[in-house]
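Open the model in your viewer and keep the selection tool at hand. The stops below run from one end of the chain back to the overall view.

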Amino acid sequence: GCDIVYAENLQSAKEYQQLRERIAVPMILAQVQIDPGETSQQLYSLQDVADMGYNFALFGVTGLQAAVAAMQGAAKEMMSTGVVEKQPLAPFARVKEVVDFD
């Protein structure tokens, strides 16, 4: 047997629900936001995933996508103005805490 089933890239909520109904072990529904803002891609909220009976939701690279966008924004501002003042930045103390730099 298996401990968990990983469901990804099915074509509809109905397909996810049908799969969930056929499998009795815990399940994870994984999603990747291909092009943020793209309306043809169906993304399911945490509540949607729970309502379909899945035990876990995975948004595998969403954090990385957000970090890349933030770094690109900071780099663009640095290149155009010479300093980053408008792009939101974490306080340096928080950065040190997150990366265990103390």
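Start by selecting aspartate 100, which sits in the segment after H4. The model is a predicted one, and the backbone angle to check here is phi. For aspartate 100 phi is near 55 degrees, a positive value in a residue that is not glycine. Most residues other than glycine have a negative phi. Is the side of aspartate 100 buried or exposed? Its relative accessibility is 66%, and aspartate 100 therefore counts as exposed, the cut-off being over 50%.

Next select phenylalanine 101, also found in the segment after H4. Phenylalanine 101 is exposed, with a relative accessible area of 58%. Now add serine 40 to the selection and draw a distance between the two C-alpha atoms. Phenylalanine 101 and serine 40 are 61 residues apart along the chain, and their C-alpha atoms are separated by 42 Å.

Step back into helix H4, residues 92–98, and show the side chains of arginine 94 and glutamate 97. These two residues are 3 apart in the helix, about one turn. What joins their side chains? A salt bridge does, with an N to O distance of 2.9 Å. Side chains of opposite charge can pair when their charged atoms come close. The count for the model comes to 1 salt bridge. Colour the pair by accessibility: glutamate 97 counts as exposed at 54%, while arginine 94 counts as partly exposed at 42%.

Now go to the other end of the chain and select asparagine 9. Asparagine 9 lies in the loop between strand S1 (5–8) and helix H1 (13–22). Asparagine 9 is not a glycine, yet its phi is positive, about 65 degrees. At 59% relative accessibility, asparagine 9 counts as exposed.

From there, select glutamine 42. Where does glutamine 42 lie? The loop between strand S2 (27–31) and helix H2 (46–51) holds it. Glutamine 42 is partly exposed, at a relative accessible area of 48%. Add serine 12 and draw another C-alpha distance: glutamine 42 and serine 12 are 30 residues apart along the chain, with 7.8 Å between their C-alpha atoms.

Keep asparagine 9 and glutamine 42 selected and turn on a surface. Rolling a probe the size of a water molecule over the atoms shows where empty space is left. The largest pocket has about 320 Å³ of space. It is lined by 15 residues, and those closest to its centre are Asn9, Leu10, Tyr16, Gln41 and Gln42. What is the make-up of this lining by class? The lining of the largest pocket has 7 nonpolar, 7 polar and 1 charged residues.

Finally, clear the selection and show the whole protein as a cartoon. The protein has 4 helices and 3 strands, and along the sequence they follow the pattern β-α-β-α-β-α-α. The radius of gyration is 19 Å, well over the 13 Å that the globule rule gives for 102 residues, so the protein is more spread out than a compact globule. Along the principal axes, the C-alpha atoms fill a box of roughly 55 × 40 × 20 Å. Colour by accessibility once more: of the 102 residues, 16% count as buried. For a last display, draw the contacts between residues at least 6 apart in sequence; 40% of them join residues at least 24 apart.

Conventions. Residues are numbered from 1 along each chain as its sequence is written. This is a predicted model: local features need pLDDT of at least 70, side-chain atom pairs count only at pLDDT 80 or more; totals for chains, interfaces and linings use all residues. Side-chain values use heavy atoms; hydrogens and water are left out. A salt bridge is a side-chain nitrogen of Lys or Arg within 4 Å of a carboxyl oxygen of Asp or Glu. Buried means under 20% relative accessible area, exposed over 50%, partly exposed in between (1.4 Å probe, protein chains only). On a 1 Å grid over the protein atoms alone, a cavity is a set of points where a 1.4 Å probe fits but cannot get out, and a pocket is an open set with protein on both sides within 12 Å along at least five of seven lines; lining residues have an atom within 4 Å of a point. Grid points are joined across faces, edges and corners, and a volume is the space filled by probe spheres set on the points. Ala, Val, Leu, Ile, Met, Phe, Trp, Tyr, Cys and Pro count as nonpolar, Asp, Glu, Lys and Arg as charged, and the others, Gly among them, as polar. The radius of gyration is taken over C-alpha atoms; the globule rule is 2.2 Å times the number of residues to the power 0.38. Contact means heavy atoms within 4.5 Å.
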